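I sat down with this one to keep a short notebook of what I looked up, entry by entry. Pull up the viewer and follow along with me.

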Amino acid sequence: MLLDIYVYPHPILLKKAEPVTVFDESLARLVEDMAETMYAGLGVGLAAPQIGRSIRLFIVDTSTPEEPARLKAYVNPKIILKDKPVIWNEGCLSLPGLYRDVSTYAHVIIEAQDVHGEVFREEAHELQAVALLHEYRHLDGGVFIDRLPPLKRRMAQKFWSKHVHREAERVYGDLNIHCVFSDSEDKKK
Ligand code: CO
């Protein structure tokens, strides 16, 4: 089932998400629906707050269309290590159509639970590391434009508040994805 995508600056994207405590069938189904939504939106990662659930869960699949899918869910993740600072051109399904060069890390070790509650560890490099950190930050209320230098960040926010609806419509219009905007954005429509 396709889920609605919550668009920045919806308040659910700006707050810290709660730990997952129940590993049941509905969690597995949520991950399936998130995957369907992420693939429909042509994203490589999607965090639960982006579909309106403030819980510590995200999914990532950085495989190319030619490769087999390597979808994975990360529940209650912890970043064990991040190094190799790098500048990366990031985008986000909650800021559709906006891409900016931001600072992040190209080497990450993450520990998380899978949908059954089993703990696993993963060491990641390059795009996979960048995607893991991008999604992880969503669980603490962060979006990638937070990592721009102050002036560029203000410019990006200004651009976004002006064009949020136009951009969301342009990107999601033909993809059958419904967007949820914050109340204040809705009033501007
Ligand atoms: Co994002």
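**Entry 1: the aromatic cluster**

I began with Phe58, which is buried, with a relative accessible area of 0%. A note to myself before going on: I am reading a predicted model.

Next I looked up Tyr74, which counts as buried at 0% relative accessibility. I then checked how the rings sit against each other. Tyr74 and Phe120 make an aromatic pair that is tilted, with 5.6 Å centre to centre and 50° between the planes. Tyr74 belongs to strand 4 and Phe120 to strand 6, so this pair ties together parts that are 46 residues apart in sequence. Phe120 has 18% relative accessibility, and because the cut-off for buried is under 20%, Phe120 counts as buried.

How many aromatic pairs did I get by the ring rule? The count comes to two. In the pair of Phe58 and Tyr74, the rings are stacked, 4.9 Å centre to centre with 25° between the planes. This pair also links distant parts of the chain, with Phe58 in strand 3 and Tyr74 in strand 4, 16 residues apart. I logged Phe58, Tyr74 and Phe120 as one aromatic cluster.

**Entry 2: the sheet around the cluster**

I then traced the strands. Five of them form an open sheet in the order 2-3-4-5-6, and the pairing is antiparallel. At the edges are strand 2 (45–47) and strand 6 (119–125), each of which pairs on one side only. On average, neighbouring strands of this sheet are turned by 30° against each other, direction ignored.

I also looked for what lies over the sheet. Helix 1 (residues 25–40) lies across strand 2, strand 3 (57–60) and strand 4, and runs at about 45° to strand 3.

**Entry 3: strand 5 and its neighbours**

Here I went bridge by bridge. Strand 4 (residues 72–90) and strand 5 (residues 100–113) run antiparallel and are joined by 12 bridges. Asp83 has His107 of strand 5 as its bridge partner, and Lys82 stands opposite Val108 in strand 5.

On the other side, seven bridges join strand 5 to strand 6, again antiparallel. Glu111 stands opposite Arg121 in strand 6. Which residue of strand 6 is the bridge partner of Ala112? I found Phe120, in strand 6, which I had already met in the aromatic cluster.

The connection is a hairpin: five residues sit between strand 5 and strand 6, and Gly117 in the turn has a positive phi of about 95°. I sorted the residues of strand 6 by face as well. Phe120, Glu122 and Ala124 make up the covered face, while Val119, Arg121, Glu123 and His125 are on the uncovered one.

For strand 5 I counted burial: 10 of its 14 residues are buried, so strand 5 is largely enclosed by the rest of the structure.

**Entry 4: Thr104**

I picked one residue of strand 5 for a closer look, and that was Thr104. Thr104 counts as buried, at 2% relative accessibility. Its side chain makes a polar contact with the side chain of Arg137, at 3.3 Å. Leaving out residues up to four places away in sequence, I listed what Thr104 touches: Lys84, Pro85, Val86, Trp88, Glu90, Val130, Leu133, Arg137 and Arg147.

**Entry 5: the cobalt ion**

Last, the metal. Which protein atoms are the donors of the cobalt ion? I found Cys92 (SG), His134 (NE2) and His138 (NE2), lying 2.0 to 2.2 Å from the ion. Along the sequence, the spacing of these donor residues reads C-x41-H-x3-H. Cys92 is in the loop between strand 4 and strand 5, and His134 is in helix 2 (residues 126–138), so this pair ties together parts that are 42 residues apart in sequence. I also checked the burial of two of these donors: Cys92 is buried, and so is His134.

Definitions and conventions: Residues numbered from 1 in each chain as written. Predicted model: local features only at pLDDT ≥ 70, side-chain atom pairs only at ≥ 80, totals over all residues. Heavy atoms only, no water. Pairing = 2+ DSSP bridges. Helix = DSSP H or I, 4+ residues; strand = E, 2+ residues; numbered from the N terminus. Axes fitted to C-alpha atoms, helices over the stretch in contact; angles between N-to-C directions. Contact = heavy atoms within 4.5 Å. Donors = N, O, S within 2.8 Å, 3.2 Å for Na, K, Ca; no water. Buried < 20%, exposed > 50% of the residue type's maximum accessible area, 1.4 Å probe, protein only. Phe/Tyr/Trp six-rings, centres within 6.5 Å; stacked < 30°, edge-to-face > 60°. Polar contact = N/O pair within 3.5 Å; in protein donor to acceptor, adjacent residues only side chain to side chain.
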